[in-house]
Structure formats: C-alpha cells, structure tokens
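Biologist: I'm new to this one, so could you show me the structure and let me quiz you on the words you use?

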Amino acid sequence: MAMIEIRNVSKWYGEFNVLKDCSTTVDKGQVVVVCGPSGSGKSTLIKCVNALEPFQQGDITVNGQSLCDPATNLPKLRAHIGMVFQNFELFPHMRVLDNLNLGQTKVLKRDRATARDRSLELLKRVGLEAHAQKYPGELSGGQQQRVAIARALAMDPIAMLFDEPTSALDPEMINEVLDVMVALAKEGMTMMVVTHEMGFARQVAHRVIFMDEGSIVEDTSKEEFFGSPRSERAQQFLSKILHH
Amino acid sequence: MNYNWNWAIFFEMSPEGTGTYLDTFFWGLGWTISTSMLAWSMALALGTVVGVLRTTPYPWVVRLGDAYVELFRNVPLIVQMFLWYFVLPELVPKAAGDWLKQLPNASFYNAFIALGFYTSARVAEQVRAGIQSLPRGQRMAGTAIGLTLPQTYGYVLLPMAFRIIVPPLTSEFMNTVKNSAVGLTIGLLELTGRARAMQEFSFQVFEAFTAATIAYVMITITIVLTMRWLERRVAIPGFIAAGNATR
C-alpha cells in the first residue's frame, strides 16, 4: 500500500523550475533515501510531502488523503507526518520535555500527564531522559537532533520525513543520530530520508531516489542503485561521495 | 544671572486655588503616567497584532499592515493629536461631534489615543523585525507538528520574537512617556503643562522645569530597571541572543 504518493509534481520559484514532473511512491514500512547534488530539489520535494512548500502542478497523497483536496485538514494531516529538519528547529524557549509535549497537548489534545509519560518514554528511547528539563541551547547538536526525532515521534506519526538530518552535525555526532534512525527503520517506520549518508542507505533503505536539477533521475532498489547506476550523472555523484 | 531662587515656591498656593504648586505637580504627574500607560498598553496590543499581520503568508494582509504603519509613523505626533482633537469632531456627524467636544477630559482621551496609534506603528515595526529575525525553520517546525497558524505564532514565534525585541521596546516605552508631553498642545495638564503653568504664574522657571525633569527621569529609570529585570527573568539558558544568560 502506498503511504506517500507523489504524482507529476512541478514547482516554480518565480521563473525558476525547482521540481520538474516528479513522481514516486513510498509504501507503508518502506525506507526511501533521496540523494543528489545540492540544488537538485530534494529538500523542496520532501517539504512538499507535508505541504510545508506549496507546489503548482501535480498532486501528493498521504495515507490516501490528497494535499490538494480543499477538504483535507492540513494541520491535522501534518500532525501525523513526523518531520526532522537539518537545523533541528527545536523551540529554544521551551525545555526539552515541553518541546515534546507541545504538539501532543495542543494538537492531539492529550492531557498533560499522558503527554508527559509519552515524552519521557521517547526521551528514554533516544537516550536523553536525563536532559528532559534542559533547554535546547544546553545540548549538543547530536542531542538536539535526537530530541527533534523524539518530538516528531511523540505525535505517533504514520510516516517520517528527514531533511538532511545529519548535515549540520559535527562528524562525531552523526552516528548517534543515524543509530536512532536505523532503529526506527528496522521497526518498520515508513521513512523518506534526504541524506548523503550512503552507509545509512546501504544498511536500511529499500529504495534510493537520485535527483538532479529538479528531476527524479533514478528511482530504483538499493541493490540496483549501488550495483549499477544507470544515469551518468548518478554515477558521477556516487563516485564523488563514495571516494572515502 | 539675576535669578531669584525660591524652592519654597512649591508650598505656595497656586492661583488656580485648588492646592499648592506641589499638588498641581503631582496631578500633572498622574496625567503623564495614566496617559503614557494607557497609550503604551494600546500600542503594545495593536502593534503586536499589526506586526504579526505583516508576517503572515497572505500578501493583501501584509499590505494592509504596511499601510497602517506608514499612515501612523509618517505623520508628526503633534499633527496627529491636532487631527484627533480638532479635526475629527468636525468630520463626524454633528451630534457625535458635539458629544466628542463636550466629553469631560477630552484632551486626555485624545492624547492617549493619538499617542497609542502613533506608538503602535513603531511597535508593529519592531514586532515584525523580531519575527523575521527568527530562522525560517521555526515557523516550519511549528507547522510541521500540526499547529495552526495562530498557534504557531502564539507558542513558537512570538515568545522568541518578544525576547529579542525587549531592548528596542524599552526605548519605545520610554519614548511614550516623553511623547506624552505633546498632550499639552491640546490642553492636557500633564507634567510639562504643569511646569509651564507654574512658570507663567510664578516666574520660577528653573524650579518648575527642574522638578519636571527629575520626575521624567524617575519614571524612565523605573522603566529601564523594570525592563532589565524582565529581560533577565525571561532569558533562556544556553541561548545568547536574548539577555546575557550565558555571560
């Protein structure tokens, strides 16, 4: 069953065509890695999936609900799609625990005690229960990103979107974040991940999408992608990032 | 300089026959404080709303907010006071105009409303700047967890924006107190008005304006200290931009 279905999506920033007729699907329980050179539109594409970025043509459905259907309650739909950003985007004026509670109490209308229990459970899961009362500014980048993942999970999402979750991290902090993501993938979470971490792709991805200049150039199984990339551009890209 | 200092003048009866000069000073102080506090509350409330509107994703709402700001900050405050006090009652239907002219304390209402609108345009500009200084991802993060636009402003954007703009808002608050003196041009007997009256009745100009100066400085120092306390109070551990929490 397709959890996320992207059909012929095109987007323009004024004259500039950022997305060109992109189509793909992410099935329930699948992990799809989106890669490509910077400026290829991969971040824009993933932000279109929960309608953070508007698009002019095509349609996206998530769990059968179309983003373009005026009857779709976008805030409600977004609440069920977890999103993790490159720069964490924790709310700096709230303690870690309150960052996790906010969506649960204000959007899902959980009572405070239930939300708190769920938050602490998730913080424990990402190994940060000791930091529940701290402010985001007091944590390292890797810790902040793990809190951000926990915040997204607190909404009990049906799918998770990751927009370059490790790009803003110091090298020694990348693995602690990837470990959490690998564990999620192994549990069967539906995930769409924009990343250059090819090790992560090799380990847990089912499919790899390669984008270039706003188009989806490759959309293949992981085995095929790492075995014999068909497009020359993808081959060039892979040879550049797989050197070391 | 041949000047006859007489500090005891404050304890003499003012020719209005309602009390000593000192009493009239305190009434003036009362009008200054009530005019500026009401104007400031109004400016803060209106300015926040307009500032928020100017950062919404709806172009026509943004333009409406921009027009508001340009209207109230491009006309001198004294002209705005004259417009509210002298021109408005002539523009509205005659019955309403007469009612406006006969209002008790009309100059007080006109002064704080004019000052409130004028200052709100400046507050709106600062609120807008505060919101726009936040990373774009903050709004996205709020939206992504399913918050509606008003919730995103209320829980995510404004709490941070206000922390960032505490210093310029402090200056704006102090300006409101000082600008309330313009009220004397439409007959509001606030602090400066009282000092002038005392000068005209008693010729003790230095005493009168020394007292007024001290009173203004006391008010503004109180504001500075309160706002500094507030800034420290809401500072976020580990966050440098607001307050000096990490230093």
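Modeller: Sure, let's begin with Y85(B), which counts as partly exposed because its relative accessibility is 27%. One thing up front: this is a predicted model, where local features need pLDDT of at least 70, side-chain atom pairs count only at pLDDT 80 or more, and totals for chains, interfaces and linings use all residues. Residues are numbered from 1 along each chain as its sequence is written, chains are lettered from A in the order in which they are written, and side-chain values use heavy atoms, with hydrogens and water left out.

Biologist: What makes Y85(B) partly exposed?

Modeller: Buried means under 20% relative accessible area, exposed means over 50%, and partly exposed is in between (1.4 Å probe, protein chains only). At 27%, Y85(B) therefore lands in the partly exposed class. Y85(B) sits in helix 3 (residues 77–91) of chain B; helices (H or I, at least four residues) and strands (E, at least two) are DSSP runs, numbered from the N terminus.

Biologist: Which residues does Y85(B) touch?

Modeller: Leaving out residues up to four places away in sequence, Y85(B) touches A106(B), S107(B), N110(B) and I186(B). Contact here means heavy atoms within 4.5 Å.

Biologist: Why is Q204(B) called buried?

Modeller: Its relative accessibility is 8%, so Q204(B) counts as buried. Q204(B) is in the loop between helix 9 (191–202) and helix 10 (205–233) of chain B. Its contacts include Y3(B), N4(B) and M198(B). A polar atom of the Q204(B) side chain also lies 3.5 Å from the backbone oxygen of N4(B).

Biologist: What makes the pair E53(A) and R136(B) a salt bridge?

Modeller: A salt bridge is a side-chain nitrogen of Lys or Arg within 4 Å of a carboxyl oxygen of Asp or Glu. The side chains of E53(A) and R136(B) meet at 3.4 Å, N to O, so the pair fits that rule. The count between chain B and chain A is one salt bridge. Helix 6 (136–144) and helix 7 (149–164) of chain B each supply at least two residues of the side that touches chain A, and helix 6 gives the most, with eight residues.

Biologist: How many residues does each chain bring to that contact?

Modeller: Chain B brings 23 residues and chain A brings 25. The two chains bury about 2000 Å² between them, 70% of it on carbon and sulfur atoms; buried area is the accessible area (1.4 Å probe) that two parts lose on being put together, summed over both.

Biologist: Why is helix 6 of chain B called largely enclosed?

Modeller: Because seven of its nine residues are buried, helix 6 of chain B is largely enclosed by the rest of the structure. Among those buried residues are M140(B) and A141(B). Just after helix 6, G146(B) takes a positive phi of about 95°.

Biologist: How do you know that C68(A) has no bond to C48(A)?

Modeller: A disulfide is a covalent bond between the sulfur atoms of two cysteines. By the rule used here, a disulfide is a pair of cysteine sulfur atoms within 2.5 Å. The closest cysteine sulfur to that of C68(A) is in C48(A), 9.8 Å away, so it is too far for a bond. Over all chains, the count comes to zero disulfides.

Biologist: Is C68(A) buried or partly exposed?

Modeller: C68(A) is at 42% relative accessibility, so it counts as partly exposed. C22(A), by contrast, is at 0% and therefore counts as buried.

Terms used
Polar contact = N/O pair within 3.5 Å; in protein donor to acceptor, adjacent residues only side chain to side chain.
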